[in-house]
Amino acid sequence: PSLRWLSTRVRVRYLSRTNPAVDVERAFERMLRIFERRYRPRNRGETLREYLDAIDAAPDAHRVLLVRERARYLDSFSESETREAVRLVEGLSRSR
């Protein structure tokens, strides 16, 4: 890959933090894209929990979902949970 491509990827991945709620949502969306490529897309009408169960997702994926739900529906999460969700998705992206 070119240096320009790599620079953009690093900037997007590590420097484009906006706010904790957005960061959690981005991490969650990235996790779903990883799973769509690795396993299968989510079926119409399939809940997120059903999807994670169907693909036998790791407990880390369920933790990311929990943090995302708290951020999205309860507005109840911390900066440390945000960092944890981002870190867990990074780990999921490297694992098989």
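Author: Buried means under 20% relative accessible area, exposed over 50%, partly exposed in between (1.4 Å probe, protein chains only). The model is predicted: local features need pLDDT of at least 70, side-chain atom pairs pLDDT 80 or more, while totals for chains, interfaces and linings use all residues. Numbering starts from 1 along each chain as its sequence is written, and side-chain values use heavy atoms, without hydrogens and water.

Reader: How far apart are the end C-alpha atoms of helix 4?
Author: Helices here are DSSP runs (H or I, at least four residues), numbered from the N terminus. Helix 4 has 16 residues, and at 1.5 Å a residue (times one less than their number) it should span 22 Å. The model agrees, with its end C-alpha atoms apart by 21 Å.

Reader: Within what arc do the buried residues of helix 4 fall?
Author: The buried residues are Ala 61, Val 64, Leu 65, Val 67, Arg 68 and Ala 71. They line one face of helix 4, because, seen down the axis, they fall within an arc of 165 degrees.

Reader: Which residues of helix 4 are exposed on the other side?
Author: Look away from the buried Val 64 and Leu 65. There, the exposed residues are Pro 59, Tyr 73 and Leu 74.

Reader: At what angle do helix 4 and helix 5 pack?
Author: Helix 4 covers residues 59-74 and helix 5 residues 79-94. Their axes (lines fitted to C-alpha atoms over the stretch in contact) are 9 Å apart. Between N-to-C directions, on a scale from 0 to 180 degrees, the angle is about 145 degrees.

Reader: Which residues of helix 5 make the contact with helix 4?
Author: Contact means heavy atoms within 4.5 Å. Helix 4 brings Asp 60, Ala 61, Arg 63, Val 64, Val 67 and Arg 70. Helix 5 brings Glu 81, Glu 84, Ala 85, Leu 88, Val 89 and Leu 92.

Notes
Helices (H or I, at least four residues) and strands (E, at least two) are DSSP runs, numbered from the N terminus. The arc is that of the directions from the helix axis to the C-beta atoms.
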